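Trainee: I have a model open and would like to understand the words people use for it. Could we go through them together?

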Amino acid sequence: MKRYILVLFFLAACYVNAQEIKIIDTKDSSPISFATISFGDGLGTFADEEGLFIFSKKKYPDIDTLYISALGYRKNDNYS
């Protein structure tokens, strides 16, 4: 039983330090599959087929800006 509690505590601690972000189309709220997420320093990741990706401040400590791109979409200058 102690092992299960330890594993549960570990998973909860990992979840607290990460954010799950979903990328969606603003017109019809559909997920944007496999969008590219890049950071200013050249690192990055991809969204999954549901438009989800996990951002962890522990993994990317100095990131303050995300750049998101996907085929078939253009830059939106009106986003604030």
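Trainee: Which element of the protein chain has the lowest mean pLDDT, and which the highest?

Mentor: Helix α1 (residues 2-16) has the lowest, 52, and β2 the highest, 89. Here pLDDT is the predictor's confidence in each residue, from 0 to 100. For the protein chain the mean is 77, with 74% of residues at 70 or more. This is a predicted model, where local features need pLDDT of at least 70, side-chain atom pairs count only at 80 or more, and totals for chains, interfaces and linings use all residues. Residues are numbered from 1 along each chain as its sequence is written, and side-chain values use heavy atoms, with hydrogens and water left out.

Trainee: What makes β2 a strand, and what pairs it with β5?

Mentor: Helices (H or I, at least four residues) and strands (E, at least two) are DSSP runs, numbered from the N terminus. Two strands pair if DSSP finds at least two bridges between them. Strand β2 covers residues 36-39, and 4 bridges join it to β5 in an antiparallel run, so the pairing rule of at least two bridges is met. Within this pair, S38 stands opposite Y67 of β5.

Trainee: Why are β3 and β5 called edge strands?

Mentor: The open sheet has 3 strands in the order β3-β2-β5, with antiparallel pairing. Both β3 (44-46) and β5 pair on one side only, and that makes them the edges.

Trainee: How do you know that F34 is exposed rather than buried?

Mentor: Buried means under 20% relative accessible area, exposed over 50%, and partly exposed in between (1.4 Å probe, protein chains only). F34 has 52% relative accessibility, so it counts as exposed.

Trainee: What is unusual about the phi of F34?

Mentor: Most residues other than glycine have a negative phi. Phi of F34 is positive, near 60°. S29, not a glycine either, has a positive phi of about 60°. F34 is in the loop between β1 and β2, and S29 lies in that loop too.

Trainee: What makes a space a pocket and not a cavity?

Mentor: On a 1 Å grid over the protein atoms alone, a cavity is a set of points where a 1.4 Å probe fits but cannot get out, while a pocket is an open set with protein on both sides within 12 Å along at least five of seven lines. Lining residues have an atom within 4 Å of a point. The largest pocket holds about 980 Å³. Its lining has 23 residues, and the closest to the centre are I24, T26, Y73, R74 and N76.

Technical notes
Points joined across faces, edges and corners; volume = space filled by probe spheres on them.
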